[in-house]
Amino acid sequence: MLTVASDIEVLVRFGRALADPIRCRILLALREAPAYPADLADALNVSRTRLSNHLACLRDCGLVVTVPDGRRTRYELADERLGQALDDLRTAVVAVEGDRTCADAEDKGCC
């Protein structure tokens, strides 16, 4: 049974998913169209084992779902609005200094 996550839990899940470049690439690929794991692995130039681990993370975060297709399983974004959210994040203007990712990186150990 699915439960509705709180606002903070949703953001944490999204942040966890975006924390890895491979997962970001998977989400952007699935934003374009649903795909099969073997095709994603080839397109992203990662091993199928590594891709499988990242897809499991994205499933656990609730961002992708599996769709049975005969003997194969296709992956797609769990909600079409995620595609728009990814577009919004990609195009957001973020001010960063050239040598670090956030102003407090050294002091607070973040980023």
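Trainee: Which residue of β2 stands opposite V67?

Mentor: Good place to start, and keep in mind that this is a predicted model. Strand β1 covers residues 64-69 and β2 covers residues 72-77, and the two run antiparallel with six bridges joining them. Look across from V67 to β2, and the residue you meet is R74.

Trainee: And what is the bridge partner of T66 in β2?

Mentor: Stay with the antiparallel pair β1 and β2. T66 has its bridge partner in β2, and that partner is Y75.

Trainee: Which residue takes a positive phi in the hairpin of β1 and β2?

Mentor: Look at the turn, where two residues lie between the strands. One residue there has a positive phi near 65°, and that residue is G70.

Trainee: Over the face of which residue does R72 lie?

Mentor: R72 belongs to β2, which spans residues 72-77. Follow its side chain to a ring whose centre is 3.7 Å away; the ring is that of Y36.

Trainee: How many disulfides does the structure hold?

Mentor: Let's check C57 and C61 together. A disulfide needs two cysteine sulfur atoms within 2.5 Å. For C57, the nearest cysteine sulfur is that of C61, 4.2 Å away, and C61 likewise is in no disulfide, with the sulfur of C57 as its nearest. The number of disulfides in the structure is zero.

Trainee: Is C61 buried or exposed?

Mentor: A residue is called buried when its relative accessible area is under 20%. C57 meets that cut-off at 17%. With a relative accessibility of 4%, C61 is also buried.

Trainee: How far does helix α4 reach from its first C-alpha to its last?

Mentor: Helix α4 runs over residues 48-60, which gives 13 residues. At 1.5 Å a residue, the expected value is 18 Å, and the helix comes close to it. Its reach is 18 Å.

Trainee: Why are the buried residues of α4 on the same side?

Mentor: Start with the list: L51, H54, L55, C57 and L58 are the buried residues of α4. They are on the same side of α4 because the arc they cover around the axis is only 155°.

Trainee: Which residues are exposed on the other side of α4?

Mentor: You have just placed the buried residues, such as L51 and L55, on α4. Now turn to the other side of the helix, where the exposed residues are T49, N53 and D60.

Notes. Residues are numbered from 1 along each chain as its sequence is written. This is a predicted model: local features need pLDDT of at least 70, side-chain atom pairs count only at pLDDT 80 or more; totals for chains, interfaces and linings use all residues. Side-chain values use heavy atoms; hydrogens and water are left out. A charge sits over a ring if NZ of Lys or CZ of Arg is within 6 Å of the ring centre and within 35 degrees of the ring normal. Two strands pair if DSSP finds at least two bridges between them. Helices (H or I, at least four residues) and strands (E, at least two) are DSSP runs, numbered from the N terminus. Buried means under 20% relative accessible area, exposed over 50%, partly exposed in between (1.4 Å probe, protein chains only). The expected span of a helix is 1.5 Å times one less than its number of residues. The arc is that of the directions from the helix axis to the C-beta atoms.
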